[in-house]
Amino acid sequence: MGKVFTFHGGIHPPENKHRSTQLPIATAPLPKLLHIPLQQHIGAASKACVKVGDKVLKGQRIGDAQGDFSVPVHASSSGIVTAIGNHAVPHPSGMPATCISIETDGQEQWIAHSGLADFTALSTAELIDYIRDRGICGMGGAGFPTAVKLHLGDHHIINTLIINAAECEPYISADDLLMRERAEHIIAGIDVLQHLIKASHIIIGIEDNKPQAIRALETAIVGCRYNIDVVSVPTKYPSGGEKQLIQLLTNVEVPHGGIPADVGIVCQNVGTVYAIHRAIAYGESLISRIVTVTGDGVSKPQNFETLIGTPFCTLLEAAGHLQNNTSRLIVGGPMMGYTIDDLEIPVSKTTNCIIAASPREMPAPDPALACIRCGQCEQVCPVQLLPQQLHWYAKSQEYDKAQQHNLFDCIECGACSFVCPSNIPLVQYYRHAKTAIKEEAQDKRKSDIARERFEAKQMREQRAIEEKATKRKARAEQAAKAQAEKQKVAQQPPLDPVGQQQLLKQQVSAEKLNVEQLQQQFAVLQAQSNTEASAIQLGDLQLKKAQLNLQRTEQALLSYQPADCAPDIDIKKLKVAAAMASTKLKKAQQALKNAQEKSQPGIELLTTTILALEKTASSANAAYSDASNHCLATSSTNLASTEPATGAAKKLKIAVAIARTKLKRAQAQLSKATAEGTKNLADLAQSVTDLSAKLSTAEADFKVISEPIQTQPASDSHPSRDQPDLKTLKTMAAIARTKLKKAHSRLEKLSAEEQQDHQLLAEITRLEEKVLLTQASYLQAKDASASQPDAAQNKAAKQASLEEHLQKTLTLFDRAQQALKKAEANKSPAVQKMRISIEKISVKLAAAEHALQQHNSSQDQE
Amino acid sequence: MPHIRISSPHVQRPTKTADIMRLVIIATLPGLFGMTFFFGWGTLINVVLASVMAISLEAICIKLRRRPVLFYVRDNSALLTAILLALALPPFAPWWVTATAVFVAIVIAKQIYGGLGQNPFNPAMVGYALVLISFPVEMTRWTAPFDLNGNTWEVLGFADTLTVIFGSWQEIIQAHPYIDSFTSATPLDTLKHRNGLTVEEVWQSSEVMANVGAWYAVSLCYFVGGIFLIYRKIYTWHAPLTLLITLALISAIFFAIDPDNYADPLIHLTTGATMLGAFFIVTDPVSSATSNRGKVVFAAGIAILVYIVRTWGNYPDALAFAVMLMNLCAPFIDQYTQPRSYGYKKPNSGQPSKENHS
Ligand code: SF4
Ligand code: SF4
């Protein structure tokens, strides 16, 4: 005999067991109809594998296990399946559940079955599966699938196997009778379990109120090869509770939230052990069990070997049901059993007792009084809870406190209710609270999911609204800005800095795009050689306007910046602005170069544009320096933001440096362009110089020639020499004229610069003078030749007209000179006019030349 | 016969609240007998008076609260309160003192809070404390247990006692010139107001102290009653024994340090309301701490307070105040004295925290 410990609390309700132990186990009569519930165990209900109308044999499987946490069900007798559907089942809720109804044929015809010759030949897993397939689940209480309990994890080392034979509930004697009559079967069943578990110690825990059973077991274990003990424990409810029995026999507590295997213990009900033996030895599935039928409501209280599915009425009748003396029908014991009101409810694998109680035996409870906190409940609670506190919290629905008082550790043994002097149905409160908490948790889970979804949706909507608002704001902002610009109001609308800057940024980029487009258009216009000057001018004007817009925007950005001092963003913008300005400058310079090369008009305009761009660039630069100064100031004053400010200042510095470099580059390009222009000028000057040199040579020659001619009239001995000289002179004049023409055209090309204009004018004046001089020389030469023989007299007349013509041309030249001067004063249209007048003069000069040539040729013919 | 559907368990111990109350009342009988035997009819008359009043007031209150009168009055709780109160009051307290105390106990301390089980304070102690504060002179009408003229043992006659309680105190004094000897201080009073004498000297000189044996006897009566209740598992030993042990320990320590100024433990344990309190007041379940550990803390607290007030306070006995003070602490004590439940390594305590949920 092993040592017995104790557990806290416990009660001694009237046992009333002796009533049903007077008679041996009887076999319950075979009912006409068996209703076999598909769920008789904890876990998933099994699934019917027969159809209505099928003939089934005793022991035939009719319901398949669903998953691991389930067991199959078998036909308890042979017959025909008449229905598969809802039927009243033994369950505290009183709710119907699926049952297979079998109309028995009375044959009790077994399906072919045989036990295992040697179960030790099977592997552990196979043996456990075999037990499962026989439909075995815990028969003491809830119907926990035995296979699951036997299927231990690797971390579970079992040293103690406890066979629960305590049967502590009053009235019930099913296990008692089983042990009395079939002790050796139980020991055989333990054999199988021991083979599976290999525990070092086996304890059969049995309450000391069953001396006959104890004796039977002790006899049966004689000669047993295992370390097995029958330990009688003092009768005290609820010693049959698994955890309580473990504590009684080993003084070990199963940790909260753990299973007995965690402390090296496996506990099996004695009825289950018997069923395992029947399955192994005979191949019989779990189709019957022993049920105690007792209470004042039956005349012959007795234990019955009952087929699963037998309606209660059959059993009660067999025990001599006294209908008129039964006020309460209880399934299970009086402490934890539940009442039923339908006699058609069938026996299930876990039905161990039916009590037909008379009103005298179990009177209706008195109305509950208030808890007087007498502490009786606390003294008896086997789990050592504070039932009065639990009751208080359950009643006031303070579920968190109830849980803190370990509500969920309550085994609903009913000991507290039993002793409560105020008749408080404590267990009922706990069951309700547990359900409520579970529902609450479920609801919370559900609502959590719903809330998450809702929040996500809200966020989406919020984002959409914000986007819309931003867009709307941007639009409104633009409109407001336009208005403000119109009215030249420097005030900024009160907007958040980021939005404001974003708006400005957007505007700047839009305008930048506009400018770029215009520039492209302008470039195209320039590329077309035959474009009207006015079109180019128009394009230029548009470009200028766009640039002005850009400038304004940039200014807005600038004026905005100091108010909010968001240097980083501003610097970026300024950088962009500066870059843009330099790009524009570059493009304008390109355009200027193109214009210069193609001698197209609008150079002045372009120049102006460049100047404006330079201004823009410089203003951008100024903005940079402003911004950097501002930031520096901010950083110096705002110590808290020293670091970011310093960073900003650095950035500004870099930006300014970049801007400067760009500007320098632009300036270099400008100067390059200017240099190119200067080079042209130098070329021109060179050519002019050459020209003037040639002219002076011609002059000199002319002088040399004219002197002998002047001496000829006196001698008249060299007329033949005079003629060729005149021809040469003429040729030279023509050459000079051509050169002059060329110089004019060159001059036209380079007429962009005002200084150049001056120079050109001066050159032109000089050339005119030289031309005049040449003409004069020529006239002098003619006069000299006129004084020669008579034939020369006609020539003289003609030469007079020519002279006249030349005079006219010279006058025109004078006019052209005047026009040029005027152009100088009026600037822009001057070049054009000059060009026109010079062309005219050239034409007239050409005409005069032609006339002179004709005259000369006629002279030659003579 | 229709089958009733009802939640388990289906059997109950027949002991009901009324039975428990009745058992406690029975357990007070030795004490009542002792008081009557040594102190005269006063206590018995008070008990009857208080009981009648208490049941009447209880019935009226229940009626006003629209509850079934008979059902609730039958729980014997009012009767028990009345008896305990009457036992605590001086035997010759005028009827109106008793009436006031009962009214306060039943109506204010109990029914206004919602009746049995809802009262945060021990009703008897609330009533007692109120009259102690309100009528200090009347609350000292203790008689010397023995007649001091010679060694005869004589208590005031029943009729005279009735006159004392319901009629005029002066009348009785005039009728019986020796009456002064009937009113005397309790041993605790005597020891407290020693007029410069040492405890030892008081013991030797005081007539009251000479008769301290009567107090011992009455205390023994209460003790017997209490042990009976523990035996019947009406309450556990925790609260009464803790109170007695704590009080004995403290008084022993002080007595050991300075026996001239501090009373010995026996006096503390046997005089005043110590025994009555330990077995009938502190064990009142409604207003005390609930777990066994809690009861220990609760009773120890009362013992300490009792000793402090007795020794250094203004009132000769302090049980009522000590009990009421600890009543206030009971919910707090409950929070921190949960037992360790099965399968737990340590007990939960304090307020529920979110992690505790499983
Ligand atoms: S037994 Fe009943 S009356 Fe007593 S404390 Fe527990 S719940 Fe309250
Ligand atoms: S029903 Fe729960 S609270 Fe009551 S005694 Fe049993 S385990 Fe404790």
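How many residues of chain A are in contact with how many residues of chain B? In this predicted model, 61 residues of chain A are in contact with 40 residues of chain B.

**First stop: the side of chain A that touches chain B**

Select β15 (328-331), β16 (338-340), α8 (376-380), α9 (387-395), α10 (399-404), α11 (415-419) and α12 (426-486) of chain A; these are the elements that give two or more residues to the side touching chain B. Within this selection, highlight α10(A), which gives the most to that side, with four residues. Colouring by class then shows 30 nonpolar, 22 polar and nine charged residues on the side of chain A that touches chain B.

**Second stop: ligand 1**

Next, centre the view on ligand 1 and display the 16 residues around it. Those that come nearest are Cys371(A), Cys374(A), Cys377(A), Gln388(A) and Cys420(A). Two helices of chain A, α8 and α9, each supply at least two residues of this shell, and the largest share, three residues, comes from α9(A). Both α8 and α9 of chain A were also part of the selection at the previous stop. By class, the shell consists of ten nonpolar, five polar and one charged residues.

**Third stop: the largest nonpolar core**

Now select Ile354(A), Leu85(B) and Tyr128(B), the residues with the most contacts inside the largest nonpolar core, a set of 228 residues. The element that gives the most to this core is α3(A), with twelve residues. Keep Ile354(A) in view and add the residues that it touches beyond four places away in sequence: Val291(A), Val293(A), Phe312(A), Leu315(A), Leu316(A), Leu329(A) and Val331(A).

**Fourth stop: strand β10 of chain A and its partners**

Finally, select β10(A), residues 201-207. Is this strand mostly covered or mostly uncovered? The strand is mostly covered, with six of its seven residues buried.

Add β9(A), residues 160-164, which pairs with β10(A) in the parallel sense over five bridges. To locate the pairing, label Asn164(A), whose bridge partner in β10(A) is Gly205(A). Between these strands, the chain crosses through helix α3(A), residues 174-197, in a right-handed β-α-β crossover.

Then add β11(A), residues 228-233, which forms a parallel pairing with β10(A) over six bridges. Here Glu207(A) stands opposite Val233(A) of β11(A). To complete the view, show helix α4(A), residues 211-220, which makes a right-handed β-α-β unit with β10(A) and β11(A).

Definitions and conventions. Residues numbered from 1 in each chain as written. Chains lettered and ligands numbered in written order. Predicted model: local features only at pLDDT ≥ 70, side-chain atom pairs only at ≥ 80, totals over all residues. Buried ≥ 20, exposed ≤ 12 C-beta atoms within 10 Å, placed from the backbone. Pairing = 2+ DSSP bridges. Right-handed = clockwise from strand over helix to strand, strands pointing away. Core = buried A, V, L, I, M, F, W, Y, C linked by C-beta atoms within 7 Å. Contact = placed C-beta atoms within 7 Å. Nonpolar A, V, L, I, M, F, W, Y, C, P; charged D, E, K, R; others polar. Near = placed C-beta within 6 Å.
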